[in-house]
Amino acid sequence: MKQKLFTAAAFLAVFAFLALVLAAPLPLMERSDEVLYTQVMPRQLAADGQSAEARSIDFARQLYDRDQLLGIKNYAGSILRLTDEETLGDAPYRLYDFLGQMDFWGEEEQAELERQIANAPPPWRSASDNVGFSAWNLSTTWDGEHWFSLQWELSAEGQLVRMRMRTPLEYTGQDLEHLMDEYLAVTGLDALEDWQAREVTVQLAVDEQSTAVLRARYSTGAKLYLYANYVDGTLVFGVCPLEKEELDQLDVSLTEK
Amino acid sequence: MKLAPKLVLTILLLLGILLAAGGGWLLKTDFERNFDQARTRNILAHRRDTYSLQNGLLVKVSDGMLSRQAVVDYGESLGRYVGQEEGGFAVYQNEESLYSSLPGALEEQEVLRAIEAGEEALLLQKAGESSYMLMASGVQVAGEEYWLVSAYDVTGVFRAREDKFQELFRLELAALALAGTAAALAVNWMIRPLKKLEKASRAVAAGDYTLSTATKSRDEVGALSRSFDAMTATVRDKVDQMEDTIQRQKQFVAAFTHELKTPMTSILGYSDLLRSGEMDPEDQRQAVQYIHREALRLEMLSGKLMQLMGLVEQEELTLEPVRLALVLRDTAASLPELAPMLEIRCDPALTVLADRDLLADLVRNLVVNAARAQPKDDRVHITAGRTENGIVLRVADRGRGIPEADLPHITEPFYMVDKSRARAQNGSGMGLALCARIARLHGSELHFTSKLGQGTVVELNLQEGTV
C-alpha cells in the first residue's frame with residue numbers, strides 16, 4: 001500500500017515537472033520579447049549592388065533603386081500607362097532642354113522633333129508617371145499600316161532616360177558613338193570609368209535589307225546598360241539598369257524588342 | 001518503487017526534457033527566421049516607400065519650391081498606392097506630422113522615438129494587441145527635410161509563434177502519453193523474465209526447487225534466468241544427493257544398530273543364564289561358547305566397519321604394478337578351508353595396477369561370498385584375462401543366485417539377501433560394500449550378473465600395468 005502510494009506520488013511529481021518543462025518556452029519567449037521591444041535594432045540602409053562611385057551619381061543611383069525597389073525596367077518600347085493629358089504640360093520643353101545640352105543634337109534633329117510633337121494628334125498622346133520618372137508616347141506618323149511613335153522618358157530632375165524617334169536622317173556607328181558620349185556627359189554618367197563597349201547582335205526580326213546600326217556599353221560598377229540604335233529610320237537610345245547575369249543572357253537588340 | 005514504474009518514469013522524464021528542448025529550439029529558430037524575413041521584407045518596403053516619397057515629391061517641385069499641401073497630397077496618394085492593411089506611414093517635418101496613416105494605437109512619442117533613433121535603426125513597438133516594426137528615413141526635397149516613418153504590422157509573426165507553441169504543446173503531450181503507454185508495455189514485456197525469476201526465487205526460498213523460469217530471450221535477463229535455472233538444478237541435485245545420503249545414513253545406522261543388537265541380545269541372554277548359576281556344566285560351556293562366538297562376530301563387524309570407514313575417508317590409492325596370479329595365490333593361501341573349491345585360471349604374466357593387499361581383500365570377500373552361495377559343483381571359478389578395456393577379473397559360482405530386486409542393493413553396508421542364513425554363515429553384510437569401495441578406489445566398478453538357481457558372476461575391470 002505504502003509502495004503504491006509512493007509510486008502514485010512519484011508519477012504525479014514527474015507529470016507536474018513535465019508540465020513545467022513543456023511550458024518553459026512561454027516565460028522564455030516573454031523574456032525574449034521584452035528585449036526585442038526595448039532594444040534598438042540595426043537596419044541595413046541598402047543592399048548595395050552598385051559601386052560606391054555609381055552610388056555617388058544621383059541619376060545612376062535613382063535608376064538602379066527604381067529597378068530594385070519598384071521592379072521597373074524601362075526598355076525602349078515598354079508598355080506605358082495612360083494618364084491625364086495635363087501631365088504633358090511642359091514635358092516637351094524639358095526634353096528640348098536636355099537634348100539641347102548634347103553637342104550631337106543639331107538643328108535638323110530638333111526641327112524634326114518639334115514637327116512630330118506638334119503634328120501628333122491629341123487622342124494619340126499618352127503619358128505615365130512611374131514614381132520619379134515620367135514617360136510620354138506620341139503617335140506621330142501614319143504609313144498606311146500603322147502609326148510610328150515618338151517615345152521618351154525623363155527623370156523628375158529632367159534627365160532623359162530613353163528616347164525613340166522616327167527620323168529622316170541617317171546615322172552611322174560613329175554617330176551613335178558620339179551620341180552615347182554626349183549622353184554620358186550630359187547625365188553625368190561619364191564619371192563612371194568602367195564603361196565597356198558591348199557587341200550587339202542583329203536579330204532575325206530585322207530584315208536583311210534593313211539598315212541596322214547597333215551600339216551598346218555596360219558599366220559593371222553602376223550596373224547600367226547604355227544603348228544607341230538606328231534601324232530603318234528609327235533612332236533609339238537611353239540607359240537602363242541591368243544585372244550582369246541579365247546582360248549575359250541579353251543577346252537581342254533593344255530595337256527588336 | 002518497482003522497477004517498471006521507475007523505468008517508465010525515467011523514459012518519460014528524458015523524453016519530456018528532450019521534447020521541451022527540441023520544441024523550444026524549434027520555436028526559437030522558427031520565430032527568428034520569420035522575424036528576420038519580416039524585417040528584411042519591411043526594410044525593403046520602407047526603402048521603396050522612401051524612394052517613392054523622395055522621387056514623388058521631386059515631381060511636385062515647381063519653381064524650386066515644395067508646398068506643404070503638395071506634401072500632404074503626395075502622402076495621401078502614396079498611402080493609396082502602398083496600402084494601409086499592415087500598418088501605415090507618416091510624413092513628418094520638424095517633429096510635426098504632415099500626413100499620417102499610422103494605426104491610432106501607436107502613440108506619437110513612439111513615432112518621434114523612431115525618428116530620433118535615425119535611419120539605421122529599427123524599433124519594435126507594441127500597440128494594443130498588435131506589434132509594429134517602426135522605421136524612419138530622412139527625405140531631402142527642395143532644401144527641406146522631411147521624415148518618413150513607416151509602421152509594419154508584425155503581430156502575425158508573434159501570433160504564429162504562439163500558435164506553434166500551443167500546437168507543439170499538444171503534440172508533446174500526445175507524444176508523451178503515447179510514449180508512456182508504449183514504454184509501460186515494453187518495460188512490462190522486458191521485465192517479464194525478471195518477474196518469473198522473482199517468483200522462482202520465492203519458490204526456491206520456500207523449498208521448491210522444481211520451478212524453472214524457462215526464458216528464451218538472449219539478452220542479459222535471459223542469461224540471468226538461464227543461470228538461475230542452472231543454479232536451481234544444481235541445488236536440486238545437491239539436495240537430492242544430501243537427502244539420499246541422509247537416507248542412506250539413516251538406513252546404515254538402523255542396520256548397524258540391528259546388527260549390533262542381535263549379538264548383544266545373545267550375549268546378554270547367555271550371560272544372564274550364567275549369572276543365575278542354575279545351569280549344568282555342559283550348558284554353561286555351550287553358553288560361554290555362544291557368548292564367545294557372538295563377541296567374535298562383534299569384533300569382526302567392528303573391524304570391517306573400521307576398514308570401510310577408513311576406505312570411505314580415503315580419496316585415492318597409490319596403485320602399483322602387481323602380478324595378478326600372485327594376488328590370487330595369496331588369496332587361496334589365506335582361505336585354506338576353501339582352497340579345494342577354487343579353480344583359478346590366470347596367465348601368470350598378467351600385471352595390473354592395484355593395491356595388492358586391498359585387491360587380495362576384494363578377491364577374498366568375493367570368494368567367500370561365492371562359497372556361501374553353495375555352488376552345485378562345489379567350485380568357485382576365478383578367471384582373469386585381457387580385453388580391450390584392460391584386465392577383467394571374474395569370480396563365478398553356480399550357487400543359488402541373487403534375486404534381481406536385490407542386485408542394486410547388495411553393495412550397501414549391512415545389506416543381506418537372506419539375513420538369517422547370512423548370520424548363520426557368519427556374514428556381516430559388510431563384505432560387498434567393502435568390495436565396491438575397493439573397486440571404486442581402483443577406478444572401477446563391480447558388475448554383478450546373477451540368475452536365481454543358476455549362479456552369480458562378478459566382474460571387475462582393472463588397469464593393466466607393467467612390471
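Two residues are in contact when heavy atoms lie within 4.5 Å. Keep that in mind for the exercises below, and remember that this is a predicted model.

**Exercise 1. Get an overview of chain B: what secondary structure does the chain have, and what percentage of its contacts between residues at least 6 apart in sequence join residues at least 24 apart?**

Solution.
- Step 1: Start with the elements. Chain B has eleven helices and twelve strands.
- Step 2: Now take the contacts between residues at least 6 apart in sequence. In chain B, 64% of them join residues at least 24 apart.
- Step 3: Look at burial. Of the 467 residues in chain B, 41% are buried.
- Step 4: Finish with the surface. Chain B has an accessible surface of about 25,900 Å², and carbon and sulfur atoms account for 54% of that.

**Exercise 2. Work out the strand order of the open sheet that includes E7 and E11 of chain B, and find which strands are at its edges.**

Solution.
- Step 1: Walk across the sheet. Its five strands come in the order E7-E9-E10-E12-E11 (chain B), with mixed pairing.
- Step 2: Check the ends. Strand E7 (342-345) and strand E11 (446-451) of chain B are the edge strands, since each pairs on one side only.
- Step 3: Compare directions. On average, neighbouring strands here are turned by 15° against each other, ignoring direction.
- Step 4: Zoom in on one pair. E10 (residues 390-397) and E12 (residues 455-462) of chain B run antiparallel and are joined by seven bridges. Within this pair, Val395(B) has Val458(B) in E12(B) as its bridge partner.
- Step 5: Add the helix. H11 (residues 431-441) of chain B lies across E11 and E12 of chain B, at about 140° to E11(B).

**Exercise 3. Find a sheet that uses strands from both chains, and say which strands are at its edges.**

Solution.
- Step 1: Read off the order. Six strands make an open sheet, E1(A)-E3(B)-E4(B)-E5(B)-E1(B)-E2(B), and the pairing is antiparallel.
- Step 2: Pick out the edges. Strand E1 (40-42) of chain A and strand E2 (96-100) of chain B each have a single partner strand, so one side of each has no neighbour in the sheet.
- Step 3: Get the twist. Neighbouring strands are turned by 30° against each other on average, with direction ignored.
- Step 4: Look at one edge up close. E1 (residues 87-93) of chain B pairs with E2(B) in the antiparallel sense over four bridges, and Gln93(B) has Glu96(B) as its bridge partner there.
- Step 5: Put the helix on. H3 (residues 108-117) of chain B lies across E1 of chain A and E1, E2, E3, E4 and E5 of chain B, running at about 170° to E3(B).

**Exercise 4. Follow strand E4 of chain A: is this strand largely enclosed or not, and what does it pair with?**

Solution.
- Step 1: Count buried residues. In E4 (residues 147-155) of chain A, eight of the nine are buried, so the strand is largely enclosed by the rest of the structure.
- Step 2: Take one partner. E3 (residues 133-142) of chain A runs antiparallel to E4(A), and nine bridges join them. Trp142(A) stands opposite Trp147(A) in E4(A).
- Step 3: Check the turn. Four residues separate the strands of the E3(A) and E4(A) hairpin, where Gly144(A) has a positive phi near 100°.
- Step 4: Move on to E5 (residues 160-166) of chain A. This strand pairs with E4(A) in the antiparallel sense over four bridges, and Arg164(A) in E5(A) stands opposite Gln151(A).
- Step 5: Check that turn too. The E4(A) and E5(A) hairpin has four residues between its strands, and Gly158(A) takes a positive phi near 85°.

**Exercise 5. Decide whether Lys223(A) is buried or exposed, then do likewise for Gln374(B).**

Solution.
- Step 1: Know the usual case. Most residues other than glycine have a negative phi.
- Step 2: Look at phi here. Lys223(A) has a positive value near 55°, and Gln374(B) has a positive value near 50°.
- Step 3: Place them. Lys223(A) sits in the loop between E7 (212-219) and E8 (224-231) of chain A. Gln374(B) is in the loop between helix H9 (356-372) and strand E9 (380-387) of chain B.
- Step 4: Apply the cut-offs: buried is under 20% relative accessible area, and exposed is over 50%. At 17%, Lys223(A) is buried; at 54%, Gln374(B) is exposed.

Notes. Residues numbered from 1 in each chain as written. Chains lettered and ligands numbered in written order. Predicted model: local features only at pLDDT ≥ 70, side-chain atom pairs only at ≥ 80, totals over all residues. Heavy atoms only, no water. Pairing = 2+ DSSP bridges. Helix = DSSP H or I, 4+ residues; strand = E, 2+ residues; numbered from the N terminus. Axes fitted to C-alpha atoms, helices over the stretch in contact; angles between N-to-C directions. Buried < 20%, exposed > 50% of the residue type's maximum accessible area, 1.4 Å probe, protein only. Areas by Shrake-Rupley, 256 points an atom, 1.4 Å probe, with all protein chains shown as cover.
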